[in-house]
Amino acid sequence: MSVATVESFYGLLALVAFGAVVVLNALRALARLSVGARETWHGVARAIAPNALGMAWFVAVLATAGSLYFSEVANFEPCTLCWYQRIAMYPLVVILAIAAARRERSGAVYAAVLAGLGATISLYHIALEWFPSLESGACDPDNPCTLIWFRVFGFISLPTLALAAFLLILTLTTIRATHDEDADSTPRRTP
């Protein structure tokens with residue numbers, strides 16, 4: 001399988017992840033404004049919450065496998081910010097596996113914090129790719145954080161892949177972390 005094929009595959013996964021994040025968070029926001037949207041949101045949350053940690057774990061595994069593929073097989077040398085994103089992503093595989101296996105809602109909180117930190121680093125890295133003048137000297141001049149290994153569909157690069165994974169993990173873990181509280185406030189229909 002060629003590197004370009006893997007880039008395209010992960011690019012498609014990123015588009016799906018961004019789409020899921022937008023739809024789920026838009027529905028969550030609309031649930032505050034409309035009873036119909038609230039009922040739909042609670043149905044979706046009820047369907048996702050029991051397996052949200054397992055789904056988030058799968059996203060973390062795919063992201064970890066992708067980062068290892070790009071560095072070890074495609075020989076894309078990770079920059080400083082790539083390493084920081086890895087520091088946030090790799091532990092998520094273990095944390096989410098344990099939390100999913102034990103069905104611990106508290107694991108979702110820890111994972112959400114790591115995913116939020118990783119997403120923040122990814123956003124900064126994406127900004128550096130598009131606006132290299134923002135670079136503050138924190139990156140290695142021999143392996144700059146502004147180096148773009150590829151762009152799929154004209155905008156999806158390595159840190160964009162990481163951002164998509166972090167945001168989807170964050171969305172899934174917050175659904176799991178808040179599901180029980182939301183279920184208590186589900187509107188009840190009266191006959």
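Is C82 buried or exposed? In this predicted model, C82 is buried, because its relative accessible area is 16% and the word buried is kept for values under 20%. The cysteines are a helpful place to begin a walk through the structure, since the same few ideas return later with other residues.

C79 counts as buried as well, because its relative accessibility is 4%. C79 takes part in no disulfide, although the sulfur of C82, which is the nearest cysteine sulfur, lies 3.5 Å away. For C82 the nearest cysteine sulfur is in turn that of C79, at 3.5 Å, and C82 is in no disulfide either. The reasoning here rests on a cut-off: two cysteine sulfur atoms are counted as a disulfide when they are within 2.5 Å. With that rule applied, the count for the structure comes to 1 disulfide. The disulfide is formed by C139 and C145, whose sulfur atoms are 1.8 Å apart. The link between C139 and C145 is left-handed, with an angle of -95° about the S-S bond, and both of these cysteines are buried.

From the cysteines we can turn to the helices, beginning with helix α3, which covers residues 52–73 and contains T64. T64 counts as buried because its relative accessibility is 13%. The side chain of T64 reaches back to the backbone oxygen of A60, at a distance of 2.9 Å. When residues up to four places away in sequence are set aside, T64 touches M89, Y90 and V93. Helix α4 takes in residues 80–102, so a reader who wants to follow these contacts can look for the three partners of T64 by name in the structure above.

A65 is also found in helix α3, but A65 is described as partly exposed because its relative accessible area is 38%. The C-alpha atoms of A65 and S2 are separated by 16 Å, while the two residues are 63 residues apart along the chain. A second pair of this kind starts from L30 in helix α1, which runs over residues 3–30. L30 is partly exposed, because 45% is its relative accessible area, and its C-alpha atom is 26 Å from that of T160, a residue 130 places away along the chain.

The next stop is the loop between α4 and α5, where R103 is placed. R103 is exposed, because its relative accessible area is 55%. Its backbone deserves a careful look, since R103 has a positive phi of about 55° although it is not a glycine. As background, most residues other than glycine have a negative phi. R103 can also be related to R46, which sits in helix α2, residues 35–48: the two are 57 residues apart in sequence and 15 Å apart in space, from C-alpha to C-alpha. R46 counts as partly exposed because its relative accessibility is 42%.

Two other charged residues, R102 and E104, form a salt bridge in which the closest N and O atoms are 3.3 Å apart. In general terms, side chains of opposite charge can pair when their charged atoms come close. A search of the whole structure finds 1 salt bridge. R102 is exposed because its relative accessible area is 57%, whereas E104 is partly exposed because its value is 26%.

The last part of the walk leads to the surface. A nonpolar patch is formed there by L12, L15, W130, F131, L134, F153 and F155, which together have about 690 Å² of accessible area. W130 belongs to helix α5, residues 105–130, and W130 is partly exposed because its relative accessible area is 42%. F153, another member of the patch, is found in the loop between α5 and α6, the latter covering residues 158–184. F153 is partly exposed, because its relative accessible area is 46%, and F153 has a positive phi of about 60° although it is not a glycine.

How values were computed
Residues are numbered from 1 along each chain as its sequence is written. This is a predicted model: local features need pLDDT of at least 70, side-chain atom pairs count only at pLDDT 80 or more; totals for chains, interfaces and linings use all residues. Side-chain values use heavy atoms; hydrogens and water are left out. Helices (H or I, at least four residues) and strands (E, at least two) are DSSP runs, numbered from the N terminus. Buried means under 20% relative accessible area, exposed over 50%, partly exposed in between (1.4 Å probe, protein chains only). A polar contact is a pair of N or O atoms within 3.5 Å; within protein, one must be able to donate a hydrogen and the other to accept it, and residues adjacent in sequence count only if both atoms are side-chain atoms. Contact means heavy atoms within 4.5 Å. Patches are made of residues with over 30% relative accessible area and no salt bridge: like charges are joined within 9 Å, nonpolar side chains (Val, Leu, Ile, Met, Phe, Trp, Tyr) within 5 Å. Accessible areas come from the Shrake-Rupley method with a 1.4 Å probe; for residues, only the protein chains shown count as cover. A salt bridge is a side-chain nitrogen of Lys or Arg within 4 Å of a carboxyl oxygen of Asp or Glu.
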